[in-house]
Amino acid sequence: MTTPLDIYSLIGFFGTACIIGAYAYLTLAERANPFLLHGTNLTGAALLTVSLVVHTNWPSLVLEGFWAAIAITGLIKAVQARRTDGTGEPVEVEER
């Protein structure tokens, strides 16, 4: 059985591109901006979730839930780091 290439599949492909792009950015950037990194990952997880709700694949849907939770945690840490800096300048959080 094949799944049709519909709008939900296209949304999922865009989500995949976001996650792959974020990983490439993390790998290639000298100092990754945590807001860009985690925001792109969260966007990718959300878009893939839209696709997976229509074309259900439970293991992948669970994975996207964890992916989103990790991205949200990263964004919260980045906001906390920015707040404690005191200079008003964005604080770069080094990712591993």
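Helices (H or I, at least four residues) and strands (E, at least two) are DSSP runs, numbered from the N terminus. The model is predicted: local features need pLDDT of at least 70, side-chain atom pairs count only at pLDDT 80 or more, and totals for chains, interfaces and linings use all residues. Residues are numbered from 1 along each chain as its sequence is written, and side-chain values use heavy atoms, with hydrogens and water left out.

**Exercise 1. Place Ser9.**
Find the helix that holds Ser9, decide whether Ser9 is buried or exposed, and list its contacts beyond four places in sequence.

Solution.
- Step 1. Ser9 belongs to helix H1, residues 7-28.
- Step 2. Learn the classes: buried means under 20% relative accessible area, exposed over 50%, partly exposed in between (1.4 Å probe, protein chains only).
- Step 3. Ser9 has 12% relative accessibility, so Ser9 is buried.
- Step 4. Contact means heavy atoms within 4.5 Å. With neighbours within four places in sequence left aside, Ser9 touches Pro4, Ser51 and His55.

**Exercise 2. Check the length of H1.**
Compare the expected span of H1 with the distance between its end C-alpha atoms.

Solution.
- Step 1. The expected span is 1.5 Å times one less than the number of residues.
- Step 2. H1 has 22 residues, so the span should be 32 Å.
- Step 3. The end C-alpha atoms of H1 lie 31 Å apart, which agrees.

**Exercise 3. Describe how H1 packs on H2.**
Give the angle and axis distance of H1 and H2, then the direction, the handedness and the residue classes of the contact.

Solution.
- Step 1. Axes are lines fitted to C-alpha atoms, for helices over the stretch in contact, and angles run from 0 to 180 degrees between N-to-C directions.
- Step 2. H2 covers residues 34-54; H1 and H2 pack at about 155°, with axes 7 Å apart.
- Step 3. Angles under 35 degrees count as roughly parallel, over 145 as roughly antiparallel, 65 to 115 as roughly perpendicular and the rest as oblique. H1 and H2 are therefore roughly antiparallel.
- Step 4. A crossing is left-handed if the near helix is turned anticlockwise from the far one by less than a right angle, and right-handed if clockwise. H1 and H2 cross in the left-handed way.
- Step 5. The contact residues of H1 include Ser9, Gly12 and Ala22, and those of H2 include Leu48 and Ser51. By class, the contact has 15 nonpolar, nine polar and no charged residues. Ala, Val, Leu, Ile, Met, Phe, Trp, Tyr, Cys and Pro count as nonpolar, Asp, Glu, Lys and Arg as charged, and the others, Gly among them, as polar.

**Exercise 4. Classify two residues of H3.**
State the exposure class of Ile72 and of Phe66.

Solution.
- Step 1. Ile72 sits in helix H3, residues 58-85. At 40% relative accessibility, Ile72 is partly exposed.
- Step 2. Ile72 and His38 are 34 residues apart in sequence, yet their C-alpha atoms are 7.1 Å apart.
- Step 3. Phe66 also lies in H3. Its relative accessible area is 56%, so Phe66 is exposed.

**Exercise 5. Sum up the chain.**
How many helices and strands does the protein chain have, and what percentage of its residues is buried?

Solution.
- Step 1. The protein chain has three helices and zero strands.
- Step 2. Of its 96 residues, 25% are buried.
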